[in-house]
Amino acid sequence: MAFVDEVKIHAQAGKGGDGVVRWLRTKETARGGPSGGDGGRGGSVILEGVRDLAALGAYRYEKKFKAEAGQAGANESRHGRDGADAVLKVPVGTVARTENGEELEIKEAGERLIVFKGGRGGKGNIHFKSSTNQNPWEQTDGTPGEGGDIFLTLKLIADAGLIGLPNAGKSSLLNELTRAKSKVGAYAFTTLEPALGDFFGYILADIPGLIEGASAGRGLGTRFLKHIERTKILVHLVSATQEDPAAAYREVRSELKAFGRGLSEKPELVLLSKTDEIGREERETRLAALARASGQEVLPVSTLEPELLKALADRLAALLRSAPGVVLD
């Protein structure tokens with residue numbers, strides 16, 4: 001199933017059941033006092049969080065959902081059955097926006113939030129009996145349920161996001177650090193969807209490669225920039241095969257700043273990746289250039305050099321332990 005992180009669906013909560021006019025019947029009389037019951041509540045439209053990043057894919061083709069209507073009341077003051085809710089499963093980190101501007105967010109697995117409430121059941125004629133109206137014929141109908149379009153957007157909740165230009169080595173590094181099985185290839189845009197891995201209890205996300213103009217929609221565009229919003233820190237990879245690593249670094253930083261939302265202000269760990277593909281002298285030259293551009297120490301890393309991977313893992317673990325928690329607005 002293709003990865004889906006944005007989708008628009010239409011959902012309708014159920015109408016409340018109608019109240020009814022009914023009468024008690026006894027052997028002595030064909031019609032006694034009022035006994036019409038109330039209608040049941042209409043089913044609501046509910047989002048439920050699940051730990052499945054592919055869950056929004058279920059709404060790729062099926063776009064319309066409707067909760068069950070409540071049943072009408074019955075005689076002997078019996079209440080109509082409530083309608084069944086329409087429960088829509090969405091990944092943790094999903095933000096739901098409705099047409100009227102309401103915004104909801106699923107933050108935990110198993111969490112349930114009502115998007116549209118079901119209609120109220122109507123009143124049966126038993127409610128209208130009074131000293132001056134012993135045999136009421138009044139009743140009320142159930143009210144309509146709420147409904148409309150829902151815009152679902154997934155924003156990954158990860159501790160660290162691996163960023164960089166296409167083919168910077170993010171997938172390979174994720175695989176080495178977490179034993180994930182992200183696709184690896186020597187061509188741009190190998191990763192077309194985020195991949196996650198567990199790093200000693202922290203979640204690392206391989207964010208698909210950014211290019212100049214991504215913040216304005218070029219390439220994979222803003223589709224994946226938004227996934228970086230929830231990370232505690234950024235791990236910025238610049239390939240050692242770049243002729244000008246400083247320019248490559250500044251290109252990605254420029255896109256983060258242009259996108260806004262605090263991305264350029266997050267703590268950042270800068271790496272010169274694929275250092276096994278260049279000579280030692282060139283490595284030192286490019287490390288120095290990248291350090292000047294970033295204004296911080298740069299770590300060399302290669303998936304073929306265990307000592308460099310160990311140094312990176314130690315630094316990353318320390319940063320994650322000290323990083324402030326993600327605030328979910």
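**Helices and salt bridges in a predicted model**

Let me begin with helix α1, whose buried residues are Lys170, Ser171, Leu173, Leu174, Asn175, Leu177 and Thr178. I should say at once that what we have here is a predicted model, and everything I describe this morning has been computed from it. Helix α1 runs over residues 170-178 and is mostly covered, with 7 of its 9 residues buried. The cover over those buried residues includes strands β9, β10 (195-199), β11 (202-206), β12 (233-239) and β13, together with helix α5. Just after the helix comes Arg179, which takes a positive phi of about 65°.

One residue that shows how α1 meets its surroundings is Leu162, which lies in strand β9, residues 160-163. Leu162 is buried, with a relative accessible area of 1%, and if we leave aside its neighbours within four places in sequence, Leu162 is in contact with Lys170, Leu173, Leu174, Leu204, Ala205, Asp206, Ile207, Val235 and Leu237. The C-alpha atoms of Leu162 and Leu174 are separated by 8.1 Å, although the two residues are 12 apart along the chain.

Stepping back for a moment, the protein chain holds 5 helices and 14 strands, and buried residues make up 51% of its 329 residues. If we take the contacts between residues at least 6 apart in sequence, 74% of them join residues at least 24 apart.

Now to helix α4, which has 15 residues and reaches 21 Å from its first C-alpha to its last, close to the 21 Å expected at 1.5 Å a residue. Its buried residues are Arg283, Arg286, Leu287, Ala289, Leu290 and Ser294, and because they cover an arc of only 165° around the axis, they fall on the same side of α4. On the other side of this helix, Glu281 and Arg292 are exposed. What covers the buried residues of α4 includes strands β12, β13 and β14 as well as helices α3 and α5, and the helix is followed by Gly295, whose phi is positive, near 75°.

How do α3 and α4 pack, in angle and in distance between their axes? The angle is about 35°, and the axes of α3 and α4 are 8 Å apart, with a crossing that is right-handed. The residues that meet are Pro245, Ala246, Tyr249 and Arg250 on the α3 side, and Arg286, Ala289, Leu290, Ala293 and Ser294 on the α4 side.

Helix α5, residues 306-322, can be treated in the same way: its 17 residues should span 24 Å at 1.5 Å a residue, and its end C-alpha atoms are 25 Å apart, which agrees. The buried residues of α5 are Leu308, Leu309, Leu312, Ala313, Leu316, Ala317 and Leu320; they cover an arc of only 160° around the axis, so they sit on the same side of α5. On the other side, Glu307, Arg321 and Ser322 are exposed.

Let me finish with the charged residues. Side chains of opposite charge can pair when their charged atoms come close. The count in this model comes to 12 salt bridges, and I will take three of them in turn.

In the first, the side chains of Glu48 and Lys89 meet at 3.2 Å, N to O. This pair links distant parts of the chain, with Glu48 in strand β2 (residues 45-50) and Lys89 in strand β4 (residues 86-91), 41 residues apart. Glu48 is buried, with a relative accessible area of 14%, whereas Lys89, at 42%, counts as partly exposed. Glu48 and Lys89 are also linked with Arg112 in a network of salt bridges.

The second salt bridge joins Glu268 and Arg253, with the closest N and O atoms 3.1 Å apart. Glu268 belongs to strand β13 (residues 268-273) and Arg253 to helix α3 (residues 245-259), so that this pair, too, links distant parts of the chain, here 15 residues apart. Both partners, Glu268 and Arg253, are buried.

The third is between Arg283 and Glu305, whose closest N and O atoms are 3.0 Å apart. Arg283 lies in helix α4 (residues 280-294) and Glu305 in the loop between β14 (298-300) and α5, so the pair ties together parts that are 22 residues apart in sequence. Arg283 is buried at a relative accessible area of 10%, and Glu305, at 15%, also counts as buried.

How values were computed. Residues are numbered from 1 along each chain as its sequence is written. This is a predicted model: local features need pLDDT of at least 70, side-chain atom pairs count only at pLDDT 80 or more; totals for chains, interfaces and linings use all residues. Side-chain values use heavy atoms; hydrogens and water are left out. Helices (H or I, at least four residues) and strands (E, at least two) are DSSP runs, numbered from the N terminus. The expected span of a helix is 1.5 Å times one less than its number of residues. Buried means under 20% relative accessible area, exposed over 50%, partly exposed in between (1.4 Å probe, protein chains only). The arc is that of the directions from the helix axis to the C-beta atoms. A salt bridge is a side-chain nitrogen of Lys or Arg within 4 Å of a carboxyl oxygen of Asp or Glu. Axes are lines fitted to C-alpha atoms, for helices over the stretch in contact, and angles run from 0 to 180 degrees between N-to-C directions. A crossing is left-handed if the near helix is turned anticlockwise from the far one by less than a right angle, and right-handed if clockwise. Contact means heavy atoms within 4.5 Å.
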